[in-house]
Amino acid sequence: MEGALVTLLGIAQDGGVPQAGCTKPCCMNEFGGPTRNRNPVALGITTSEGSRHLVEASRTLSSQLIIWSSSDGKPIDKVDSVWLSHAHLGHTDGLGQFGHEAWGAKGITLHASKSMIDVISNSPLLSPLFSNDHLIPEIFETGEKVDLSESIQITPIKVPHRDENSDTHAFIIQSNHKRLLFLPDHDSWQETLNFHSQEDPLSWFKSMFVDIVLLDGTFWSSDELGGNAKKIGHPPVEETLELIGRRKPNDPRVIFFHFNHTNPLHLESSAETAKVRAMGWEVARQPMTFTI
Ligand SMILES: [Zn+2]
Ligand SMILES: [Zn+2]
Ligand SMILES: [Zn+2]
């Protein structure tokens, strides 16, 4: 088989579920235990040649490797490369797992933008990952395709997002047959569409010829977090649904993910989950796999 198996290893926003400090029913049940467990977002890519590539380094790395190995059928004691979208918590807080206190991995290529690599190089906690050769930095450029194998490539696509520490990229992962867009974080449709000179989300997806879109669904509505969701950014799913309407023939699959702990899309039985599905779109579950 040519191509790759892509496994979705987590569906939560950076804080995960349960989120530290949350005692509400979204995270804590009546007995004081967790209501549900959801890892922060990450992808495991296994190419047909058998190489393995991880997108995002979350602190739940160990359980994510177990999810990944059960989907591709082999235990995982080696990863060939790691890709990072940006410097926010849930996307990078597992980097230390590769170091000598934990895995003690050797020579894994770390693909990231220049500003993301600089964050690691300038951090006293993280820079030993480079100086001890656990991770080998490799800077990518936005829009430039990188080969993972003969038939699989990744292209970083820059998107506007609270860029305090680093810039932010989405990734197109493609084979000769299919293209999957991984877009967990961006601030607003207005900024992203302006940046890419596009009129609406579906036109943008079609301009990239993507078949599957894993899309920022952090908040259901801007009223979440007592109205504070607005300040944090991320287009609410309600707004995205208005912009994309019902799914039509030839539209890509759009699968919402990166859910905040407060997001009702975590609940299989919520009216919000039903609404997304009734419009022909999808709600991510952990794990999901895609063959590209
Ligand atoms: Zn995030
Ligand atoms: Zn909660
Ligand atoms: Zn972020």
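## His258 and the zinc site

His258 has 0% relative accessibility, so His258 counts as buried. The structure shown is a predicted model. His258 is found in the loop between S12 and H9.

His258 is also a zinc ligand. The zinc ion (ligand 1) takes its protein donors from Asp14 (OD), His91 (NE2), Asp185 (OD), Asp185 (OD) and His258 (NE2). These donors lie 2.0 to 2.8 Å from the zinc ion (ligand 1). Along the chain, the donors of this ion follow the spacing D-x76-H-x93-D-x72-H.

Asp14 and His258 come from distant parts of the chain, 244 residues apart. Asp14 sits in the loop between strand S1 (4–10) and strand S2 (42–47). His258 sits in the loop between strand S12 (253–257) and helix H9 (271–278). Asp14 has 8% relative accessibility, under the 20% cut-off, and therefore counts as buried.

A second metal ion belongs in the picture. The zinc ion (ligand 1) and the zinc ion (ligand 3) are 3.7 Å apart. Asp185 coordinates both.

The side chain of His258 also makes polar contacts with the side chains of two zinc donors:

| Side chain | Partner side chain | Distance |
|---|---|---|
| His258 | Asp14 | 3.0 Å |
| His258 | Asp185 | 3.1 Å |

What else is His258 in contact with, leaving aside its neighbours within four places in sequence? Among them are Ile11, Ala12, Gln13 and Val41. Pro184, Asp216, Gly217, Thr218 and His234 are also in contact with His258. The zinc donor His91 is in contact with His258 as well.

Methods: Residues numbered from 1 in each chain as written. Chains lettered and ligands numbered in written order. Predicted model: local features only at pLDDT ≥ 70, side-chain atom pairs only at ≥ 80, totals over all residues. Heavy atoms only, no water. Donors = N, O, S within 2.8 Å, 3.2 Å for Na, K, Ca; no water. Helix = DSSP H or I, 4+ residues; strand = E, 2+ residues; numbered from the N terminus. Buried < 20%, exposed > 50% of the residue type's maximum accessible area, 1.4 Å probe, protein only. Polar contact = N/O pair within 3.5 Å; in protein donor to acceptor, adjacent residues only side chain to side chain. Contact = heavy atoms within 4.5 Å.
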